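Trainee: I am new to this structure and should like to be guided through it. May we consider it together?

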Amino acid sequence: MSWGFLRDLLSGVNKYSTGIGRIWVAVVFMFRLLVYIVAAENIWKYEHDEFECNIKQPGCENVCFDHFFPISHIRLWALQLIMVSTPSLLVVFHVAYRENREKHHNQQLYRSPGKIDGGLLCTYLISLILKIAFEIVFLVLFYKLYNGFKVPRLMKCDIRPCPNTVDCFISKPTEKMIFLCFLVVTSCLCIVLNLSELTYLIFKYSIKCYLKRYIRKHQGSRSNCYISEISGRNRPAAAGRFHNSSLTLPLNIQGECEKFSVDLQEG
C-alpha cells in the first residue's frame, strides 16, 4: 500500500497550520505513519496464519479468529490514520478556492490566500473538530471491539463448529501489546494537540474581534467629539444661552470631548 498521498497531504497542510498544528503534523507523520509502515505492519502481517488453537477441527480456528479479531488491529489503525488526516483536505481545498478566485478576478482579493482568517478560519476550526471526533470514535471502537486495550496470551473459544471449549493463542502478544499502547498514547496526544489548537484559535480571534470593536467604538466617540468641537467654535456667542439646555452632551461624552479638545490644542 502506498502512503505517498497521505505524506503529500500532511506536507501541504503544514504550510497553513499554526505552530501547534505543525507539531500535530510531526506527530502524525513521525510517530504514527512511519511507525505503522516500518514496524507495525510487519508485526501483524501473518497474524491469521500464526493464530493457533489446540484442535484441528475444520473451521474452528477461522471462526475463533473472526470472533476475537472482527477487524484487524493494523487495518483499523490504517483506517484511523486516513480518517484523521482527511479533514485537512478541507483547508487545502479552501486555499485552492481562494487562489482560483483571485486568478479569475485577476486581482488580489486576500492579503494572503493561506492566511487563517474569515471563511478559512471557520473551515480550519471545522477540520479540527472533525479530527478530534474521529480520534475519539476510533479509540472507543478499539476499546469495544477488543474488550479493552490489551492483547491476551490465551483465549478460550466455544463457538461452533468447535466441539468444545478450546484454547487459542496468538503470536507475539507482548510485542503487539506494546504497539497497541503506543497507538492509544499517540491518539490521546493528537487529541490534546487538536484541542489546544482549537482553544488557541478561538481565544486569539475572540480577543482580536474585541479589540477591533473597541477601537472602532473609541474612534467613533472621537469623531463625535471632533464634530462637536468644530460646531462649538463656529457657534455665535448668542448661542451661549442654550448651554444648559437639552442639547448638552452627556457627562462621559463631555469628558471625552474636553480631553480631545486638549489634544487638539496641544497638537
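The following exchange treats the disulfides, the cores and two helices.

Mentor: This is a predicted model, in which local features need pLDDT of at least 70 and side-chain atom pairs count only at pLDDT 80 or more, while totals for chains, interfaces and linings use all residues. Residues are numbered from 1 along each chain as its sequence is written, and side-chain values use heavy atoms, with hydrogens and water left out.

Trainee: How many disulfides does the rule give?

Mentor: A disulfide is a pair of cysteine sulfur atoms within 2.5 Å. C53 and C168 satisfy this with sulfur atoms 2.0 Å apart, C60 and C162 with 1.8 Å, and C64 and C157 with 2.1 Å. The count is therefore 3 disulfides.

Trainee: What is the pairing when the bonded cysteines are numbered in sequence order?

Mentor: C53 is joined to C168, C60 to C162, and C64 to C157. Numbered in sequence order along the protein chain, the bonded cysteines pair as 1-6, 2-5, 3-4.

Trainee: How many residues apart in sequence are the parts that C60 and C162 tie together?

Mentor: The torsion about their S-S bond is about 100°, so this disulfide is right-handed. Helices (H or I, at least four residues) and strands (E, at least two) are DSSP runs, numbered from the N terminus. C60 lies in helix α3 and C162 in the loop between β2 and β3, so the parts tied together are 102 residues apart in sequence.

Trainee: Is the link of C64 and C157 left-handed or right-handed?

Mentor: C64 lies in helix α3 and C157 in strand β2, so this pair ties together parts that are 93 residues apart in sequence. With -90° about the S-S bond, the link is left-handed.

Trainee: Why is C188 without a bond to the closest cysteine sulfur?

Mentor: C188 is partly exposed, with 35% relative accessibility; buried means under 20% relative accessible area, exposed over 50%, and partly exposed in between (1.4 Å probe, protein chains only). The closest cysteine sulfur belongs to C190, which is buried at 0% and is in no disulfide. The separation is too far for a bond, because it is 9.4 Å.

Trainee: Which element supplies the largest share of the largest nonpolar core?

Mentor: A nonpolar core is a set of buried Ala, Val, Leu, Ile, Met, Phe, Trp, Tyr and Cys residues joined through side-chain atoms within 4.5 Å. Of the 38 residues in the largest one, F51, C64, F69, W77 and V166 touch the most other members. Elements that each supply at least two residues include α3 (60-68), β2 (154-157) and α7 (173-234). The largest share, 9 residues, comes from α2.

Trainee: How many residues are in the other core?

Mentor: This core lies apart from the largest one, and Y16, L121, V184 and Y205 are among its members. Its size is 15 residues.

Trainee: How far apart are the end C-alpha atoms of helix α4?

Mentor: Helix α4 covers residues 73-85, and its buried residues include W77 and L81. The expected span of a helix is 1.5 Å times one less than its number of residues, so the 13 residues of α4 should span 18 Å. The distance between the end C-alpha atoms agrees, at 18 Å.

Trainee: With which residues is S127 in contact, its neighbours within four places in sequence left aside?

Mentor: S127 lies in helix α6 (residues 118-145) and is buried, with a relative accessible area of 1%. Contact means heavy atoms within 4.5 Å. With those neighbours left aside, the contacts of S127 are P87 and V91.
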